Amino acid sequence: MNCPHNIYIHVPFCMSKCNYCAFYSLACASPDWQKYSDDICGELKFWAKKLGRIKVPTIFFGGGTPSLMPINIFGQIMNCINESFDVDKNCEITLESNPKTLDKSKLSDFVSMGVNRLSIGVQSLNNDELEFLGRRHNVDDALMLLENVQNMGLRVSADFIYGLPNHDVKSVENLCQDINKLGLRHISMYELTIEKHTPFGKMNLKMPTNEEMADMYIAINEHLSLPRYEVSNYAVPDEHCKHNENIWAGDAYIGVGRAAAGRIFMDNVWYDELGGYEKLEKIDNNTRAVEKIITGMRTVRGVLLSEDVVKQINFDWVKNHDDLVVQSDKYLSVSAKGMLVLDNIMLDLIK
Ligand code: SF4
């Protein structure tokens with residue numbers, strides 16, 4: 001029997017494109033949902049045939065805007081997953097959502113069909129900023145959804161963006177204080193990055209410098225009431241996103257949908273599944289170990305020093321850089337200072 005695989009399902013549709021968005025998503029509020037569902041179920045069945053009735057510890061619907069999905073389409077996909085695989089009793093099932101797309105009744109429908117964790121794209125607590133970012137919702141829409149979710153006792157995370165053109169340490173401190181009042185137990189804080197082929201990429205925006213961004217990143221850790229557990233994620237310990245943690249730790253996952261990537265472990269061989277299930281490429285164990293280091297070092301816990309990982313690490317460099325990396329019995333992790341220069345560390349750390 002093959003090992004458990006987490007499942008990521010990509011829903012590539014949005015009501016409109018946000019000004020900063022470089023993800024693969026189409027501005028189309030009414031796509032051919034039946035065709036989408038048929039394609040997704042076709043892929044799921046393909047994997048069930050290849051891998052057998054494997055265990056599924058987590059399912060993550062990401063996008064795009066998964067909360068746009070009509071509820072019967074979500075039901076079809078969940079039925080297909082349940083028929084094809086051995087879904088864990090305590091499977092974490094996350095749905096990414098946009099506040100404008102989810103009222104109380106649709107939210108209850110998603111929950112009744114298995115969703116037990118909601119990730120909400122709040123992005124800002126300021127209406128002018130939301131408009132600038134090209135978001136379709138306002139602050140009240142987001143707060144209303146948050147309240148509904150919290151009243152239902154659902155696990156919830158909210159995404160925010162910092163480092164907008166007018167942001168400085170003070171504005172980020174204020175944002176953190178406002179977030180602290182929301183009673184959240186998990187949030188993600190993403191730095192605004194400008195990608196060429198987006199509306200922002202063509203606007204010649206005056207962005208904060210790298211040093212200013214770094215100061216804001218430090219301020220976030222100091223002023224948020226939740227502890228950081230990964231480069232961009234903050235949560236109380238029992239609220240970490242299990243799906244992401246499994247993937248960062250190097251567990252296997254199936255990516256479903258045309259823009260979804262996966263890492264399949266089949267008959268003791270790793271495969272890169274990129275851009276759909278027809279394209280499978282073998283990955284050798286050394287490459288897979290390097291991938292584990294890259295994702296594991298993004299977490300505060302660090303990468304587990306398993307035999308395959310140890311072989312890829314330059315321990316001479318580690319010994320001379322204990323201000324940047326910290327080694328314990330089982331894990332290698334970055335220090336708070338190291339978190340700021342993670343990409344550079346990787347270049348020296350990996351043999
Ligand atoms: S909602 Fe998300 S995926 Fe869709 S356009 Fe905005 S940022 Fe991109």
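This section describes the ligand shell, one helix pair and one sheet of a predicted model.

The ligand shell was examined first. Residues around the ligand include C14, K17, C18 and C21. F23 and S25 also belong to this group. The run G63, G64 and T65 contributes as well. N98 and G121 complete the set. By class, the shell holds four nonpolar, six polar and one charged residue.

Helix packing was examined next. Two packed helices are described by the angle between their axes and the distance between the axes. Helix 1 spans residues 33–51, and helix 2 spans residues 71–84. Their axes lie 10 Å apart and form an angle of about 10°. Angles under 35 degrees count as roughly parallel, so helix 1 is roughly parallel to helix 2. Helix 1 contributes W33, Y36, S37, I40, C41, L44, K45 and A48 to the contact. These residues meet I73, Q76, I77, C80, I81 and S84 in helix 2. The contact comprises ten nonpolar, three polar and one charged residues.

The sheet was considered last. Three strands form an open sheet in the order 15-17-16, with antiparallel pairing. Strand 15 and strand 16 are the edge strands, and each pairs on one side only. Strand 17 covers residues 331–334. Strand 15, residues 303–304, pairs with strand 17 over two bridges in the antiparallel sense. Within strand 17, Y331 stands opposite L304. Strand 16, residues 325–327, also pairs with strand 17 in the antiparallel sense, here over three bridges. V334 in strand 17 is the bridge partner of V325. A hairpin of three residues joins strand 16 to strand 17.

Side-chain directions were then assigned along strand 17. In a regular strand the side chains alternate between the two faces of the sheet. Strand 17 shows such alternation. L332 and V334 point to one face and are buried. Y331 and S333 point to the other face and are not buried. Two of these residues also appear in the pairing described above. V334, on the buried face, is the bridge partner of V325. Y331, on the other face, stands opposite L304.

Definitions and conventions:
Residues numbered from 1 in each chain as written. Predicted model: local features only at pLDDT ≥ 70, side-chain atom pairs only at ≥ 80, totals over all residues. Near = placed C-beta within 6 Å. Nonpolar A, V, L, I, M, F, W, Y, C, P; charged D, E, K, R; others polar. Buried ≥ 20, exposed ≤ 12 C-beta atoms within 10 Å, placed from the backbone. Helix = DSSP H or I, 4+ residues; strand = E, 2+ residues; numbered from the N terminus. Pairing = 2+ DSSP bridges. Axes fitted to C-alpha atoms, helices over the stretch in contact; angles between N-to-C directions. Parallel < 35°, antiparallel > 145°, perpendicular 65-115°, else oblique. Contact = placed C-beta atoms within 7 Å.
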